[in-house]
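I opened this one to go through the chains, the domains and a few odd backbone angles. Notes below, in the order I looked things up.

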Amino acid sequence: MRERFANGFDPFVIPFLIGMAFVLGYCIVAMFRIIIQLPKADRKRFLLTLITPKYIWMNIRDIFLNCLIHVKLWKRNKVLGYMHSSIAFGWFMIILLGHLEVILFLPNRIHLFYYPIFFNYFVAETESTIQGSLLMFLMDFFLLIILSGIVLAIIKRFASRIVGMRRTTRLSLMDQVGLYSLWAIFPLRLLAESFTAHISGGSFLTIPANWVFRQFLGNDLHALPTWWAYSIALCVFMCVLPFTRYMHIPAEMLLIPMRNAGIRIRHPRKGFALLEVYSCPACGVCIDACPMSVRKVNCKDTTVYLNRMLRRGNERRIEEISDKCLLCGKCTAVCQVGVQGPELRIAQRERRAYALSPSYSAINVRPLASAVVHGAGGESGGVLYFAGCMTHLTPSIRRATASLLDKAGVRWQMMDPENGLCCGRPLMMAGRTEQARELIAKNAEIIRASGCDTLLLSCPICYKVFLEEYKLEGVRVVHHSVFFEELIAGGQLQVRRDDGLKLVFHDPCELGRGCGIYEEPRRAVAAAGELVEAGKHHAEAICCGGSLGSLTLSYDQRRPMTRNALENLTVANPDQIVTACPLCLATFVRQADRPVRDIAEVLDAHC
Amino acid sequence: MDFGFKLSPSSAVNLDTVDHARYDRLVQLVPDALTCIGCGSCSATCTAAPWSGMSVRKVLLGLQRGRDDEVDSMLSKCMLCGKCTMVCPRGINTRHLILTLCRLSRKGEVVR
C-alpha cells in the first residue's frame, strides 16, 4: 500500500471529525456527571470495582457479550439477535480491521483519527498489498454482514410481525433522523469503497461492484462526493446520537460495570436512574410484554415511553405513567438491557409531595407482641404464620394453611389472628418508603418477641418485603409454597396424587419475578395432580391485573388484563388454576370459567 | 357533682359553614368518589380500622361534613393495603382516592 496524497488529508473528513468530537465530548461529560451524581458510598464501590481484576474481567466479558454479540437477544429471538449483532459486531470489526490495516501498511499515519475509517480513499494498491488480501476480504465480509442486518432492520421497521414483534416503538423525530442516517452509513460506505476499489483494491464485494459501475460510469468524478456523503452520514448520526435512542450504545458500556458493582437506583432522576434511561434502546420489546398493553390505549404507558418522557422532562406524563404501572416487572424480565421499569417508577412516586403523611408510631403493638409470647408458651423456635391483609380477605387460604400445618405436626402459631399490621410493601410500592419503615419496625418487634425461628407467609407481597427489608437475624422467612414443598419432600405431608386432575400454576409477579421462586411451587402442585404449563410462564408469566402496584388503574381497566391472563393460563385446558398469592386468587376468581385455588387449598384437599 | 351521666359536646354540623373545597377537588380528580354507596365494606375489612377507626366511607362522609381533623387522623393511619379496593362493590379505586386526598391541602390544592 502506498499513500495517494502526501498530506494524508482531504476536506471530506471534516464532518466525520466534527461528529466524532461532539459525540465523544458529550459522552465523556455525561459519564462524569452520572458518576458524580452517585451517592458517595456507591461511587466509591463502583470505582473500586474498576480496578479489581475479578470485576474487570466480568465487565469486559459482559460488555462483549451484551453490547456486541447481543447474547440475550439471540436467546429470545434469533432474527432480532442476528440483526443487532450483525450491525454492532460487524461495525466493531470494521473499525478494528481499519486500524489493523493502518498499523500494518502505514504505521506513520496511526495518529490520524480518521485514517482507519477512510483508509481506502487515501491509499493505492501495490504489489505488497497481496499480503493484506485477507484483511480486505474480512472488510468486505463484515460489510456484507452489516448490510444484511440493515436489510432486516428496514423490513422490521415496516413489518415488525415478520421478526416476531407485534408492536414496535413509535419513533420520535430525532430517532428517525438517527435511524435513517444509520441506515445510510453502510450502503454509502459500500458505494464509496466500490468507486475507489480499482485504486485501493478490494475484495469480493467492492471489486465486482467497481467493475459494474465502471461499465456505465465513465470517470471517477463521483467517488469524492460519495466519500463526502459517507462522512456526512457519519457526522449526522454521531451529532444526533446523544438525543436519540442510540445513546444506549455508549450508555450500556457504563451501565454494565455499574450493575456488576451492585449500584441501585437511589434518586429518581440522577445517577444510576439517569444512566438506565439513557440505556433504553427503545426497541419496544416491553410494549408486547406489558400486561397493560391488552388495552391499546395503555401501550403508551410502557417503560419505553416512560424513559422517553424522562428524557424530555414531561412531568405530567411521567406522573401518569409511573402511577399506572402494575409493577409486575415483566418489562425488566424481557428487557435486553435490563432497564428496571418498576424501580424507576417507584423512585418517581417517592419524590411526590403530600400534604398529609401517615404516621404509625402511635400504634401500640405491645398487646400483639405479648399475645405471640403467650402463644409460644415460653418455648423458642417454631413457626410464626403471618397471614397478612390479603390472606385475611381470602380466609380459605388461611384455613388450608392452618390445616396443613396441623397435619404435618408443625408447632406453629399465628402472628395476626385478629388484628395485625400491614407488611409495608404496599406503601413501598406507592413510594412511601419512610412510612413503610415504621410498619417494618413495628412488625419486626412482634416477630422478635415471639422467639420463632421460621416466619411463614402465604402472600408473596408480604414475602418479598419480609425477605428484603426486614432485618430478622436467625429467623427464616419462607413462603408457604416453598415450606409445603419441603414438608412433602421430607415426608411430613402425605399428598395423594390425582392423575386425572390437570393443574396449571400461575406465577405471581412478586413470587416469581420478584423473588425468583418458580420451581418449588411447581413441584408441590405436581404432587397433587398433573402439572401443565400456561402459554407464558416462569419469568414471562402475565400479571393477574389485580396488582397493588398500580395506583390509578380502575377496576374496569383491569378487567381485560385479568381476562388476558386467564386466557394465557388456560391454553392447556387445565381443570383448575393454582396460584400462590391471595391477591391473584381474589382477582382471578371473579372472572375465571374454572375453579381457581391457592396452592395450600389444593394440597389440603389431597392430604 | 356526679349525676352518673354527662352532657357530650354538641356534634351538630352546620353545613352552611362547611368548606367543601377539598371534597370538590377530590371529586374532580377521582370522580368515582361520587359512586360510593356507603355500604361500609371498606370499614369492615380495613387493616387500619382497629388502630384508628379508619374507613373510606367515613372519610368521604367526614369531608362533606367538614370533619377535617377526623378525616386527617383516619387517613394518617391508612396502610394502603388495598383490601378496601378489593371489596368495594362499586369498584372504586380507594387507594387512588386516599393517595389523591393525601396530596390535597385543606383548601383543596394539590401540593407540589
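These entries go from confidence to overall layout, then to one sheet, the chain contact and two loop residues.

**Confidence.** I'm working with a predicted model. The predictor's scores for the complex are an ipTM of 0.91 and a pTM of 0.92. For chain B I get an average pLDDT of 92, with 100% of the residues at 70 or above.

**Chain A, overall.** I looked up the extent of chain A: its C-alpha atoms fill a box of roughly 95 × 55 × 45 Å along the principal axes. The chain has 607 residues, and 49% of them count as buried. I count 29 helices and ten strands in its secondary structure. I also checked how far apart in sequence the contacts reach. Taking contacts in chain A between residues at least 6 apart, 76% join residues at least 24 apart.

**Domains of chain A.** The domain assignment splits chain A into domain 1 (7-249), domain 2 (270-349), domain 3 (366-475) and domain 4 (487-605). I picked domains 2 and 4 of chain A for a look, and their C-alpha centres are 26 Å apart. Their contact uses 15 residues of domain 2 and 19 residues of domain 4. On the domain 2 side, helix H16 (315-324) and helix H17 (330-334) of chain A each put in at least two residues. H17(A) has the largest share there, three residues. By type, that side of domain 2 holds ten nonpolar residues, one polar and four charged.

**A four-stranded sheet.** Next I traced an open sheet in chain A with strand order S4-S3-S5-S6 and parallel pairing. Strand S4 (412-414) and strand S6 (476-479) of chain A are the edges; each has a single partner strand, so one side of each has no neighbour in the sheet. Neighbouring strands are turned by 25 degrees against each other on average, ignoring direction. I zoomed in on one pair: strand S5 (residues 454-457) of chain A is joined to S6(A) by four bridges, running parallel. In that pair A:Leu455 sits opposite A:Val477 of S6(A).

Which helices lie across S5 and S6 of chain A? I found helix H24 (residues 460-468) of chain A across strand S3 (383-386), S5 and S6, at about 160 degrees to S6(A). Helix H25 (residues 480-489) of chain A lies across S5 and S6, at about 90 degrees to S6(A).

**Where B meets A.** I listed the contact between the chains: 27 residues of chain B against 25 residues of chain A. On the B side, the elements giving two or more residues are helix H3 (49-52), helix H5 (68-75), helix H6 (83-87) and helix H7 (94-103) of chain B. H7(B) gives the largest share, five residues. The B side divides into twelve nonpolar, eight polar and seven charged residues.

**Positive phi.** Most residues other than glycine have a negative phi, so I wrote down two exceptions. A:His70 has phi near 55 degrees. A:His70 belongs to the loop between helix H3 (53-69) and helix H4 (71-76) of chain A. Is A:His70 buried or exposed? A:His70 counts as buried, because 22 C-beta neighbours lie inside 10 Å and the cut-off is 20 or more.

B:Leu80 also shows a positive phi, about 55 degrees. I place B:Leu80 in the loop between H5 and H6 of chain B. B:Leu80 is buried too, with 29 other C-beta atoms within 10 Å.

Definitions and conventions
Residues are numbered from 1 along each chain as its sequence is written. Chains are lettered from A and ligands numbered from 1 in the order in which they are written. This is a predicted model: local features need pLDDT of at least 70, side-chain atom pairs count only at pLDDT 80 or more; totals for chains, interfaces and linings use all residues. Two residues are in contact if their C-beta atoms, placed from the backbone, lie within 7 Å. Ala, Val, Leu, Ile, Met, Phe, Trp, Tyr, Cys and Pro count as nonpolar, Asp, Glu, Lys and Arg as charged, and the others, Gly among them, as polar. A residue is buried if 20 or more other C-beta atoms lie within 10 Å of its own, exposed if 12 or fewer, and partly exposed in between; C-beta atoms are placed from the backbone. Domain bounds come from an automatic or database domain assignment. Two strands pair if DSSP finds at least two bridges between them. Axes are lines fitted to C-alpha atoms, for helices over the stretch in contact, and angles run from 0 to 180 degrees between N-to-C directions. pLDDT is the predictor's confidence in each residue, from 0 to 100.
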